[in-house]
Amino acid sequence: MKKVDFPFWADETEKAITEIYRVKSQVQSVGNKLKTNHVSNNDFQLFLDNVYQTLNYWTGNTYIGRKKDKSVQKAFQTFFEALYDFLFICRDLDNPMLWTIADKVLYRGSLYRYLGHGSTICNTNNGIEPQYNNIYVSWSKAPKNYYIESKLYGTMTWLACKIDEPYYGIDLEAFGVARGKEAEVVFPTIKETITEVRYIKE
């Protein structure tokens, strides 16, 4: 298993995508090996560090009010799907350490999200309508974020959701990669979990 090497510059998209897919494959491989206890401590620590670096790239290269590159979004989607499955493997194995990891990361509860325009060029007076799908996106455990509000122009869309059975979010605070006071959790925008949609004028 090799250490992940994400590019320093945000515009090195192809290199980043290659690394995301590589770590996704590691997540799947380690998950399968854990079922038969064939993972050394050194490999597991390197693996956890690679997951941390991947999540750190996600939080450090997300720009408020701008859509992700489609190919990057697709790569991260496969990574989060693999990580979600991995956490359930950890939860189901008879191993207290792995169970604790899964218990800390798998999140249920209330979450909040802003949608808006990061530039006056694409700004309209209408709020962005939520797109309900299975794509993992950033949410926050904090209902109000003045920093995000200061970066968006025009009418903002504010969403609230409640994660309950059978859903779980992936809590990035548990991995130690959440930025500032964002208290970030990644979770899709699933219609039946949405409890409120509010449009906030600038």
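In counting charges here, Lys and Arg are taken as positive, and Asp and Glu as negative. With that in mind, look at the protein chain above, which is a predicted model. The protein chain carries 25 positive and 24 negative side chains. The centres of these two sets lie 2 Å apart.

Now let's follow the fold. The protein chain contains 5 helices and 7 strands. If you trace the sequence from its start, the order reads α-α-α-α-β-β-β-α-β-β-β-β. The radius of gyration is 18 Å, close to the 17 Å that the globule rule gives for 202 residues, so the protein chain is as compact as a globular protein of that length. To picture the outline, imagine a box of roughly 55 × 40 × 25 Å along the principal axes, filled by the C-alpha atoms.

How do parts of the sequence meet in space? Take the contacts in the protein chain with a separation of 6 or more: 80% of them are between residues 24 or more positions apart. As for what is hidden, 44% of the 202 residues count as buried. The accessible surface comes to about 11,300 Å², and carbon and sulfur atoms make up 50% of that.

Let's finish with one strand you can find in the view. Strand β2 spans residues 109-117, and 8 of its 9 residues are buried. Which way does β2 run against strand β4, parallel or antiparallel? The two pair in the antiparallel sense, over 8 bridges, with β4 covering residues 153-163. One bridge to look for joins His117 to Tyr153 in β4.

Definitions and conventions. Residues numbered from 1 in each chain as written. Predicted model: local features only at pLDDT ≥ 70, side-chain atom pairs only at ≥ 80, totals over all residues. Heavy atoms only, no water. Helix = DSSP H or I, 4+ residues; strand = E, 2+ residues; numbered from the N terminus. Rg over C-alpha atoms; globule rule 2.2 N^0.38 Å. Buried < 20%, exposed > 50% of the residue type's maximum accessible area, 1.4 Å probe, protein only. Contact = heavy atoms within 4.5 Å. Areas by Shrake-Rupley, 256 points an atom, 1.4 Å probe, with all protein chains shown as cover. Charge placed at Lys NZ, Arg CZ, Asp CG, Glu CD. Pairing = 2+ DSSP bridges.
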